[in-house]
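Work through the exercises below with the sequence and the 3D view side by side, and try each task before reading its solution.

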Amino acid sequence: MDMSMEDDGGSSSANLEHRAAHRAFRERWKETDDSMCRHSMSFHLHHRLRSDFFASYLYLVEKIPLVQLFPLTCEFISGEKQFYHQAQRFYRDVPASEEGMMGDFLEISNTDLEGSRQFLKRFVGPGKAGTHRALDCGSGIGRVTKGVLLPVFEKMEMADMMEHFLLHAHEEYLGEDADRIETYYCFNLQEFKPPKNKYDVIWMQWVACHLTDKDLMTFLCHCKKSLRPNGVLIMKDNMARQGCKLDPLDSSISRHLDIMRSIISRAGLEVLEAQRQEGFPDVVMPVWMIAMK
Ligand SMILES: C[S@@+](CC[C@H](N)C(=O)[O-])C[C@H]1O[C@@H](n2cnc3c(N)ncnc32)[C@H](O)[C@@H]1O
């Protein structure tokens, strides 16, 4: 529908045009009435109708399940804005502690860190990724930075959307090793473009699940450009046993490994190795480590 009419003071051709437009609106918008009819030529009303039209259009777009916007996940997310907003609300109240990072599963933290250290070993060293600098994405307070990455890399950078986590990392949790953190990026990953050609390893743990398919794919593309030669990106996350599973409480979506592989390949990355974390109790969703370049 062409809505680009102007108020030219009532010339006859404009009259006709407005009347036709009004009829068109009337057919679509039953609320219009005779008094509105009389004023339907006014620029003001035209404007009003136009903004109402767009308001309802935007409302409808918000209602479209993500699966229709980017058809990889099987489960729906009823609007990206709400998805991220809810995660912000959730983490605002999470304490800056290891307990906070692990939810109800603090007891598996050591097993998790040990599994990560063993996995990482395979990709760094002579002829493989260097050990100069790594980036921890969705780092939280730096549980992985401290337990896995700082013992290997000379320098580190951390990225997380929550300022109170990063502050706690710097002021307390990392102790003297905080001196080796070059930069703390307080960013939403869906808006973050890490610097190009900078990192030997990029680690992202339990945060891919907080990005929509579309944003995850875009972020992985940025990460690829951000790796140095021989650099490796390692993702560690919950993988659904079937399809995709949305947790509305913290706004996270767990995907089946095949779905994750599909997103990774769409981002132009190649999977070097995928390995399931062992030693977690059965109640915990399967956790996989995926190395890619
Ligand atoms: C479950 S915690 C994991 C923290 C850390 N990776 C670990 O394994 O200990 C998830 C972290 O992701 C961060 N996060 C969630 N959504 C994010 C987003 N869209 N952008 C940046 N950080 C996000 C949260 O603030 C939180 O620190």
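**Exercise 1.** Find which residues come nearest to the ligand in this predicted model, and describe the shell around the ligand by class.

*Solution.* Begin with the residues around the ligand, of which there are 20, and pick out those that come nearest, namely Gly-138, Arg-143, Asp-160, Leu-189 and Gln-205. Then sort the shell by class, which gives 11 nonpolar residues, 7 polar ones and 2 charged ones.

**Exercise 2.** Identify polar contacts between the ligand and Arg-143, Met-161 and Gln-190, and then state how much of the ligand the protein buries.

*Solution.* A polar contact requires a pair of N or O atoms within 3.5 Å, so each distance is compared with that cut-off. For Arg-143, a side-chain N or O atom is 2.8 Å from an oxygen atom of the ligand. For Met-161, the backbone supplies the N or O atom, which lies 3.3 Å from a nitrogen atom of the ligand. For Gln-190, a polar atom of the side chain is found 2.9 Å from a ligand nitrogen atom. Turning to area, the ligand taken alone exposes 600 Å², and the protein buries 97% of that. As for its location, the ligand sits in the largest pocket.

**Exercise 3.** Locate the salt bridge between Glu-182 and Arg-133, and say which parts of the chain the pair links.

*Solution.* Side chains of opposite charge can pair when their charged atoms come close. The side chains of Glu-182 and Arg-133 meet in this way, with 2.6 Å from N to O. Glu-182 belongs to strand β3 (residues 181-186) and Arg-133 to strand β1 (residues 133-137), so by position the pair, 49 residues apart, links distant parts of the chain. The count of salt bridges comes to 10.

Terms used:
Residues numbered from 1 in each chain as written. Predicted model: local features only at pLDDT ≥ 70, side-chain atom pairs only at ≥ 80, totals over all residues. Heavy atoms only, no water. Near = heavy atom within 4 Å. Polar contact = N/O pair within 3.5 Å; in protein donor to acceptor, adjacent residues only side chain to side chain. Areas by Shrake-Rupley, 256 points an atom, 1.4 Å probe, with all protein chains shown as cover. 1 Å grid on protein atoms, 1.4 Å probe; cavity = no way out; pocket = protein on both sides within 12 Å on 5 of 7 lines; lining within 4 Å. Sits in = over half its atoms within 2 Å of the grid points. Nonpolar A, V, L, I, M, F, W, Y, C, P; charged D, E, K, R; others polar. Salt bridge = Lys/Arg side-chain N within 4 Å of Asp/Glu carboxyl O. Helix = DSSP H or I, 4+ residues; strand = E, 2+ residues; numbered from the N terminus.
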